[in-house]
Amino acid sequence: AGVFNKDAGSAATQTIDVALTNNGAVNVNSGTLTVTNFPANSGTISVASGAIFSTNNSNLTNASTGIITGSGTFNLGAGRALTNQGTLRPGTSPGTLTITGDLVLDGVNGSITDIEIGGLAAGTQFDVINVTGQVRGGTGNVNDWGTVNVTHVNSFASAAGNTFQVMNFASRIGDFTTKSFPAGFPYATTVGGTNYVLAFGG
C-alpha cells in the first residue's frame, strides 16, 4: 500500500502502461492520469475537480475495499463500465462526479453509494453523479443497486418541498434496494428514465 499523486507540477497527461495494483491511494489532483492495465481497484481513487482518471477504454471493478471519490471525471469510454462493489463517494463534500461510460452498482456484491446534502445547489451543496451511459445492477441481479446512504452536512436540514436531483444518466435498469436517510428526514425517491431525485415532504 502506498500513495500515488498526479499533481499540477507533472505533465498534463501521464500514462501508467504497466500492470497497476492499488491497495493504498491514487490521487489525481490535476490533468489526466491514464492506466492501461488496471482491471480492479482495492484502494482509494480520488479525482479532483477538472481532473480525469482514464482506463484507456477498459472496464474497471471497484472491489469491496475500494473507494471511488472526488469531483472529477472517471473516463471508461463508451460501452465500458465502472462496476462498484465497494463504495462510490461523489464529491469533495459535496461535489459532482462524472462517469464517462456505464455505471454498474453491483448490489449483490455489496455496492454502497454515499450522497451528502448540505444545501440546495447541485454539485456545490449536494452531491451529484453524472453518467453518460447506463446505470444498472450487476450480473447477479441487474435491478439491485445495493445501498444508498444519504447524510446531511454543514448543519443542513431539509424543508418541506426540497428536491435534490442526485443522479443523471442516459438510461437505467433497477434501483437501490436499501435506502438510508438522516433521522427524521424520510426522503421519497423518484427514479426517472434519465435522473434520480430525492424529495422531502416535511
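Guide: Two strands count as paired if DSSP finds at least two bridges between them, and with that rule in hand we can look at this predicted model.

Visitor: How do you know that S5 and strand S8 (residues 60-62) pair?

Guide: S5 and S8 are joined in the parallel sense over two bridges; the rule asks for at least two, so the pair qualifies. Within S8, threonine 61 is the residue that stands opposite alanine 40.

Visitor: What is the order of the strands in the open sheet, and what makes strand S5 (40-41) and strand S20 (171-172) its edge strands?

Guide: The open sheet has six strands, with parallel pairing, in the order S5-S8-S11-S14-S17-S20. S5 and S20 each pair on one side only, and that is what makes them the edge strands.

Visitor: Why is threonine 83 called buried?

Guide: Its relative accessibility is 15%, and buried means under 20%, so threonine 83 falls in the buried class. Threonine 83 sits in strand S11 (residues 81-84), and, leaving out residues up to four places away in sequence, it touches Leu60, Thr61, Asn62, Val104 and Asp106.

Visitor: Why, then, is serine 180 called partly exposed?

Guide: Serine 180 has a relative accessibility of 33%; since buried means under 20% and exposed means over 50%, this value lies in between, and serine 180 is therefore partly exposed. Serine 180 belongs to strand S21 (residues 178-180), and, with residues up to four places away in sequence not counted, it touches Val148, Asn149 and Val150.

Visitor: How many cavities of 30 Å³ or more are there, and how much space lies in the largest cavity?

Guide: The count comes to one cavity of 30 Å³ or more, and about 50 Å³ of space lies in the largest cavity, a value that can be set directly against that cut-off.

Visitor: Which residues line the largest cavity, and how do they divide into nonpolar, polar and charged?

Guide: The lining consists of Thr113, Ile115, Val148, Val150, Val166, Met167, Phe176, Phe181, Tyr196 and Leu198, and it divides into nine nonpolar, one polar and no charged residues. Thr113 is in that lining, and because threonine is not among the residue types listed as nonpolar or charged, it counts as polar. At least two lining residues come from each of strand S15 (112-117), strand S18 (147-152), strand S19 (163-168) and strand S23 (195-199).

Visitor: Which residues in the largest nonpolar core touch the most other members?

Guide: Of the 41 residues in that core, they are Phe53, Phe74, Leu103, Ile117, Met167 and Tyr187. Leaving aside neighbours within four places in sequence, the contacts of tyrosine 187 include Ile117, Val150, Phe181 and Leu198.

How values were computed: Residues numbered from 1 in each chain as written. Predicted model: local features only at pLDDT ≥ 70, side-chain atom pairs only at ≥ 80, totals over all residues. Heavy atoms only, no water. 1 Å grid on protein atoms, 1.4 Å probe; cavity = no way out; pocket = protein on both sides within 12 Å on 5 of 7 lines; lining within 4 Å. Points joined across faces, edges and corners; volume = space filled by probe spheres on them. Helix = DSSP H or I, 4+ residues; strand = E, 2+ residues; numbered from the N terminus. Core = buried A, V, L, I, M, F, W, Y, C linked by side-chain atoms within 4.5 Å. Buried < 20%, exposed > 50% of the residue type's maximum accessible area, 1.4 Å probe, protein only. Contact = heavy atoms within 4.5 Å.
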